[in-house]
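Colleague: Please give me a close, careful reading of one part of this model, the largest pocket, and then set it against what surrounds it.

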Amino acid sequence: MTITLYILIATCILSFLSFRNDEMRDKLIFNPYIIREQRQWYRFISSGFIHADVMHLAVNMFVFYMFGTVVERYFDSVFEERGPFNFVLLYFGGLAVSCIRTYHKHKFDTGYRALGASGAVSAVVFSYIVFNPLENLCLYGILCMPGIIFGTAYLVYCYYAGKKGLGFVNHDAHMWGALFGFFFTILLKPYLAIYFLKQLPFLQNAF
């Protein structure tokens, strides 16, 4: 069984348990104020294993499964025996890094809460874009565009929405998780930056 499936199953189990157990949810949820006061740093990770409702869980895990299984194969091919370890670092690093900005923004806010694996899922999607910048990605299965365009639009929207505080979504986590996934993948194997750029039509003549 793949690492993607192990993470997916664990996330589904903990999410469903937390739906029925408010005390469990409170212990796992991302709460910057409690983290600062009680040094409960584990919440940077644990909050990614619980979700607001079934739809929130289903969307995150569907996207994670679709991209995670492919990225995991890429990692096995490129990094060989370190592939599984690096994939775990990608996912859990995405969880942790995506929450850093939120932590500093809300560490004195006693009422702020956040949960969900969106930061890690964004990291996996943007790692996929490193390998396939021209592969079409589809929004809700309708609006499709090359990964490089999708990724750029996604980052611009997340930045704008985060500044405006649109909705009840942690747009900062989406943006920072995405950036982490892209640059972490390249840092693991810098030649991937050249591989990425060589696929872009307007840069092909430069290599």
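Modeller: Helices and strands are here DSSP runs, with at least four residues for a helix and at least two for a strand, and they are numbered from the N terminus. The model is a predicted one, and its largest pocket holds about 1,600 Å³ of space. The lining of this pocket comprises 47 residues, and those nearest the centre are Val 59, Asn 60, Ser 118, Tyr 154 and His 174. At least two lining residues come from each of the helices H5 (54-79), H6 (83-106), H7 (118-131), H8 (147-164) and H9 (171-188), and likewise from each of the strands S1 (136-139) and S2 (143-146). H5 supplies the largest share, with eight residues. In character, the lining divides into 31 nonpolar residues, 14 polar ones and two charged ones.

Some of these helices also take part in the packing of the protein. In the largest nonpolar core, which has 39 residues, Phe 64, Leu 90 and Tyr 91 are the ones that touch the most other members. Two or more residues of this core are given by each of helix H1 (3-19), H5, H6, H7, H9 and helix H10 (191-198), and H7 gives the most, namely 10 residues. Beyond residues up to four places away in sequence, Tyr 91 touches Ile 7, Thr 11, Met 61, Phe 64, Ala 117, Ala 120 and Val 124. Another core, of seven residues, lies apart from it, and Ile 35, Cys 99, Tyr 112 and Ala 114 are among its members.

Two threonines allow a comparison of local settings. Thr 4 is placed in helix H1, and it counts as buried because its relative accessibility of 0% is under the 20% limit. Its side chain reaches the backbone oxygen of Gly 68 at 3.3 Å. When neighbours within four places in sequence are left aside, Thr 4 is in contact with Phe 64, Tyr 65, Gly 68, Thr 69, Glu 72 and Phe 87; Phe 64 is thus listed for Thr 4 and also for Tyr 91. Thr 152, by contrast, lies in helix H8, and its relative accessible area of 45% falls between 20% and 50%, so Thr 152 is classed as partly exposed. A polar atom of the side chain of Thr 152 lies 2.8 Å from the backbone oxygen of Ile 148. The two threonines, Thr 152 and Thr 4, are 148 residues apart in sequence and 25 Å apart in space, taken from C-alpha to C-alpha.

Notes: Residues numbered from 1 in each chain as written. Predicted model: local features only at pLDDT ≥ 70, side-chain atom pairs only at ≥ 80, totals over all residues. Heavy atoms only, no water. 1 Å grid on protein atoms, 1.4 Å probe; cavity = no way out; pocket = protein on both sides within 12 Å on 5 of 7 lines; lining within 4 Å. Points joined across faces, edges and corners; volume = space filled by probe spheres on them. Nonpolar A, V, L, I, M, F, W, Y, C, P; charged D, E, K, R; others polar. Buried < 20%, exposed > 50% of the residue type's maximum accessible area, 1.4 Å probe, protein only. Polar contact = N/O pair within 3.5 Å; in protein donor to acceptor, adjacent residues only side chain to side chain. Core = buried A, V, L, I, M, F, W, Y, C linked by side-chain atoms within 4.5 Å. Contact = heavy atoms within 4.5 Å.
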